[in-house]
Amino acid sequence: DRPTEPIFIGKGDDNVSFDIPPEYWIDRYKPIASEIQNRFSGGKTVPITKLKNIPDLSFPLSLSRNSPFSLFNPYHGKMAGKLIEILMATKSFDELLSLAVYMRDRINPYMFIYALSVVVIHRPDTRNVELPSHAEMFPSLYMDSSVFGRAREESAVVQSGSRTPIEIPHDYTANNLDPEHKISYFREDIGINLHHWHWHLVYPFEGPRNIVDKDRRGELFYYMHQQVIARYNMERLSNDMNRVVRLTNWRDPIEEGYFPKLDNILANRVWPSRPVNSRFSNINREVDQISFDIEDLERWRDRIFNAIHAGFVLDPAGNQVRLTENEGIDILGNIIEASILSVNPFLYGSLHNNGHNAISYIHDPDNRYLENYGVMGDSATAMRDPIFYRWHAYIDDIFTEFKSTLPGYTVQNLNFDNVKVQSVEITAAGVPRNELATFWQQSDVDLSRGLDFLPRGSVFARFTHLQHAPFSYKIVVENNGNQRIGTIRLFIGPKFDERGLGMLFRDQRKLFVELDKFSYSLNRGKNEIIRQSLQSTVTIPHEVTYRNLDRNRPADNTAGAEVFNFCGCGWPQNMLIPKGSAEGFQCQLFVMVSNGANDRVENSQSDGQTCDNASSYCGVRNARYPDARAMGYPFDRIPRDGVATLANFLTPNMTVQDVRIRFTNRTVAPLQKTPAGTKQPSKQTT
Ligand code: CUO
């Protein structure tokens, strides 16, 4: 049982501690409370108001501090939901802070941080509170466990400020004898995993209804994960691999293994691995209060397919709820995931979540070996495992089945009268026109917030990730009507399939990856639109993913405060485009200008303060989804009759440009400088 430290909200040398009311200390620390407080309060202290009444925490307290906590586990989800409800009910910021301080040493830490994070991004009075990066709070979920022993050694011997970043080798989970390892750089990318953790934080499927019930959340569950699969497939094609195969047969052994090399610091265990050819079993784990059979999954699947083909789902009273063109996908998203908004959980079950559970407990389905869940059991780690993509490709295919029941978009629907897109091109410094350049880059993460060691102070892990040269688009649009608002929709997709043959539109459409979407006021005549890749509404900047902005931030947080306000959901900018290949991976860049008057949504504007910089995959905080079209438009439906290829699909307000993504095997030193005085590793790479 590890001792826990008092609460620190600063990181590195920037120690800030709370002035904890004596009654709040847990019994174990009471006798040494003042000694601990003195030992750790190096700088500012924050006063904490003592609450007269502490709400009943018995339900969330029933999960011990050292137990694993999985959001995919319905029992854990309910506890977290209760905790969120209790924290949301506090009447003021002071009360919230006080209750959080009280909970901190009592509640399971992983559940506590999850619930508190959900609360911070949903309360109006915490909109300016910056959540620390989850990778800094729980670094063991995001990187090779071997780094931590080395970090402790470094911090014990070398003074803060002179410590050398600990380098994480590029290949640490496997080698190329496993073909799937070729794209481990994608699956294990810290930014991608952070995005996924944040997405599920913004869109919990359990908890108070006013938090869960967001505009089009079921549809966004479908779309964000559909895009993950499209991106993964682009990445696979870049690496001469075939598209991911759906996990359709749940009785056969699973070919892919995964050995995560992660520590579970909370449980003092290593994360379980999954050897090749593991088989699904019925799950019955009393300790986790979870049991279901493979047959249950099959029944839910069949009922969902029946509903799609019948065109309606049944509510608990037996009434038909139609799966309409506009709302059907949202209804299905909530049913398939399943969220508490599911029309009928009893009939349609929880297919996607229990797929995660079936896989994450595959090594110990009845808990006879007292093993925890594998990486598929946590949204912070699930995307590391190749099976995540096979499972989600399966889930995505159910949504595709529904979309196939809808008529293709007509020319009239797609066209924007009197608007013609003449051309689109890409330029990047030092790269031929219509070419994108990718390479490796290193970045640093401060581990000091997430590790217990003394003396304190920053110690960094240095990891290597994919990067590309920033680029700009030039789109030439001719507007023969009056001045109007257009929505510019940019996508990229592979030009050829695995065999090097051109693709049919019906297949290629599923591979188009959204790059950007923005409104533009079109003047009469010719418009030259210039847009930077860094402005993408799909991504968040590198500095936001890694929370490096605060290093040089003014202490009073006055200058450019808006820059620092974000919620952390968003595809990482460094993964905007796939890796491509040394020869130049051939892609098609697609641009469409749709009629802004039809795309507009009332009340979709953010208040200008927070969380709207990655709206395509994450929505806008406290506002409606900012695009009236179906998510994925215009690629979300089968083509209209007579359209076989992308070229046939185009209307005058669209165009396509061939582009290449060329990868160079070189590594660039970190963009963000670690604080002054930090030593660089002796092995310099350029
Ligand atoms: Cu994001 Cu399966 O939903 O992990």
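## W250 and Y394

Let's start inside this predicted model, where W250 and Y394 are both buried. Their ring centres are 5.3 Å apart and the planes meet at 75°, so this is an edge-to-face pair, as the angle is over 60 degrees. The two partners come from distant parts of the chain, 144 residues apart. W250 belongs to the loop between helix 11 (217-238) and strand 4 (263-264), while Y394 is part of helix 16 (residues 386-403).

## Aromatic pairs across the model

If you enjoy hunting for rings, there is plenty to look at: the model holds 37 aromatic pairs. One of these joins Y110 and W197, with 6.2 Å from centre to centre and 45° between the planes, which makes the pair tilted. Y110 sits in helix 5 (residues 109-122) and W197 in helix 9 (residues 190-202), so their contact ties together parts that lie 87 residues apart in sequence.

Are these two rings' residues buried or exposed? Y110 is buried, at a relative accessible area of 5%, and W197 is buried too, at 2%.

## An aromatic cluster

Some aromatic residues gather in a group. F186, Y223, Y232, F388, Y389, W571 and Y617 together make up one aromatic cluster.

## Charges over rings

Rings also meet charged side chains here. Which ring lies under the charged end of K579? The ring of F663 does, with its centre 4.5 Å from that charged end. R666 has a similar story to tell: its charged end sits over the ring of F439, 4.5 Å from the ring centre.

Note on methods: Residues are numbered from 1 along each chain as its sequence is written. This is a predicted model: local features need pLDDT of at least 70, side-chain atom pairs count only at pLDDT 80 or more; totals for chains, interfaces and linings use all residues. Side-chain values use heavy atoms; hydrogens and water are left out. Rings of Phe, Tyr and Trp (its six-membered ring) pair if their centres lie within 6.5 Å; planes under 30 degrees apart count as stacked, over 60 as edge-to-face and the rest as tilted. Helices (H or I, at least four residues) and strands (E, at least two) are DSSP runs, numbered from the N terminus. Buried means under 20% relative accessible area, exposed over 50%, partly exposed in between (1.4 Å probe, protein chains only). A charge sits over a ring if NZ of Lys or CZ of Arg is within 6 Å of the ring centre and within 35 degrees of the ring normal.
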